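Welcome! Open your viewer, get comfortable, and follow along one selection at a time.

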Amino acid sequence: MRLVIMGPPGAGKGTQAAMIAEKYFVPHVSTGDIFRKNLKEGTPLGLKAKEYMNKGLLVPDEIVVEIVRDRLVEGDCKKGFLLDGFPRTVAQASALDEVLQKMDMKLDHVLNIDVRKETLIERAVGRRVCTVCGATYHVKYNCPSRVGICDVCDGKLIQREDDREETVVKRIEVYLEQTQPLIKYYSDKGLLADIDGQKEIEEVWEQITGVLGRDNK
Ligand code: AP5
C-alpha cells in the first residue's frame with residue numbers, strides 16, 4: 001500500500017500514521033521526523049532545516065525532495081510506504097509523481113485530515129513529545145500515565161519549539177497558502193479521501209480503516 005497522509009499542522013497526521021504503519025506494515029516516512037532527528041544529531045541538514053522550522057516556514061523543496069527520493073529507494077519501501085508531511089507543495093507533489101513513475105509505482109490513497117483552526121492551535125500547543133523515542137501525547141486529549149514521562153520508554157516529554165502559539169499560527173497560514181492546493185491536485189487524480197479529523201482519535205481511525213480496508217494488507 002502506498003499512501004500519503006496530509007492535513008494542517010496539528011491535525012493528527014502523526015498520531016494516525018503511527019497506527020497505520022503498525023496495522024498495515026508500511027514504513028512511516030515523516031519528513032518532519034527526519035528533520036528533527038537530524039537536528040538532534042546536529043547534522044548540517046538538521047541545522048539548515050531548523051532555520052525554517054522554528055519560523056514556521058517550509059524547508060526548500062529541493063532539500064525535501066532529495067531526502068524523500070533517497071528514502072523511497074530503501075528496501076523497506078519496496079512493498080509500500082506512508083508519507084506523512086510530504087508532499088507539501090505542488091512542486092513536491094509533481095516531483096513525487098516523477099520519482100514514482102521512474103520506480104513504476106503509483107499512490108493508492110491520499111488521506112486528507114480536515115480540522116478547524118482553533119482545534120489545530122489547541123492540539124499543537126498542548127502536544128508533548130518524547131525526547132528519546134518521539135512518541136506523541138497531548139496534555140488534555142492523549143495524556144501519558146505519568147506527567148512529563150513517556151509511557152513507551154520513560155523518556156522526558158517536552159513541547160516542540162515550533163509548537164509555540166505564534167509559530168503554530170504561522171504554520172497554519174503557510175499550510176493554507178502552499179499545501180491546501182494539493183487537495184485539488186489529488187482530488188483531480190481520484191486519490192483523495194477526506195477524513196473528518198475533528199473527531200476523537202478512535203473515530204478518526206475508524207474512518208481511515210474504512211478507506212484502507214479493515215484487513216491488514
Ligand atoms: P511536521 O512535523 O510534518 O509538522 P506538521 O505537518 O506541522 O504536523 P504536526 O507534526 O504539527 O502535526 P500532526 O498533524 O502530525 O499532529 P499530531 O498527530 O502530532 O513538520 C514540521 C516542520 O518541518 C514544518 O513546519 C516544516 O518546516 C518542515 N517540513 C516537514 N515536511 C516538510 C516538507 N515536505 N516540505 C517543507 N518543509 C517540511 O497531533 C497533534 C496533537 O493533537 C498531539 O498532541 C496529539 O496527541 C493530539 N491529537 C491527535 N489527534 C487527535 C484527535 N483526533 N483528538 C484530540 N487530540 C488529537
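## The whole chain

Begin with everything selected: of the 217 residues in the chain, 47% are buried, where buried means under 20% relative accessible area, exposed means over 50%, and partly exposed is in between (1.4 Å probe, protein chains only). What you see is a predicted model, in which local features need pLDDT of at least 70 and side-chain atom pairs count only at pLDDT 80 or more, while totals for chains, interfaces and linings use all residues. Residues are numbered from 1 along each chain as its sequence is written, and side-chain values use heavy atoms, with hydrogens and water left out.

Now switch to a cartoon view. The chain has 9 helices and 8 strands; these are DSSP runs numbered from the N terminus, with helices (H or I) of at least four residues and strands (E) of at least two. The chain is as compact as a globular protein of its length, because its radius of gyration is 16 Å, close to the 17 Å that the globule rule gives for 217 residues. That radius is taken over C-alpha atoms, and the rule is 2.2 Å times the number of residues to the power 0.38. Show the C-alpha atoms alone, and they fill a box of roughly 45 × 40 × 35 Å along the principal axes.

## Stop one: helix H3

Next, look for salt bridges, meaning a side-chain nitrogen of Lys or Arg within 4 Å of a carboxyl oxygen of Asp or Glu. The whole structure holds 18 of them.

Select Lys48 and Glu51, a salt bridge whose closest N and O atoms are 3.8 Å apart. Where do Lys48 and Glu51 sit in relation to each other? Both belong to helix H3 (residues 44–53), and being 3 residues apart, they are separated by about one helical turn. Lys48 is partly exposed at 35% relative accessibility, and Glu51 is partly exposed at 41%.

## Stop two: Arg71 and its partners

Move on to Arg71. Is Arg71 buried or exposed? Arg71 is buried, with a relative accessible area of 17%. Add Glu74, which meets Arg71 in a salt bridge at 3.3 Å, N to O. Then add Asp76, which forms a salt bridge with Arg71 at 2.7 Å between the closest N and O atoms. Glu74 is partly exposed at 41% relative accessibility, and Asp76 is partly exposed at 41%.

## Last stop: a network

Finally, select Arg127, Arg160, Asp162, Asp163 and Arg171 together: a network of salt bridges links them.
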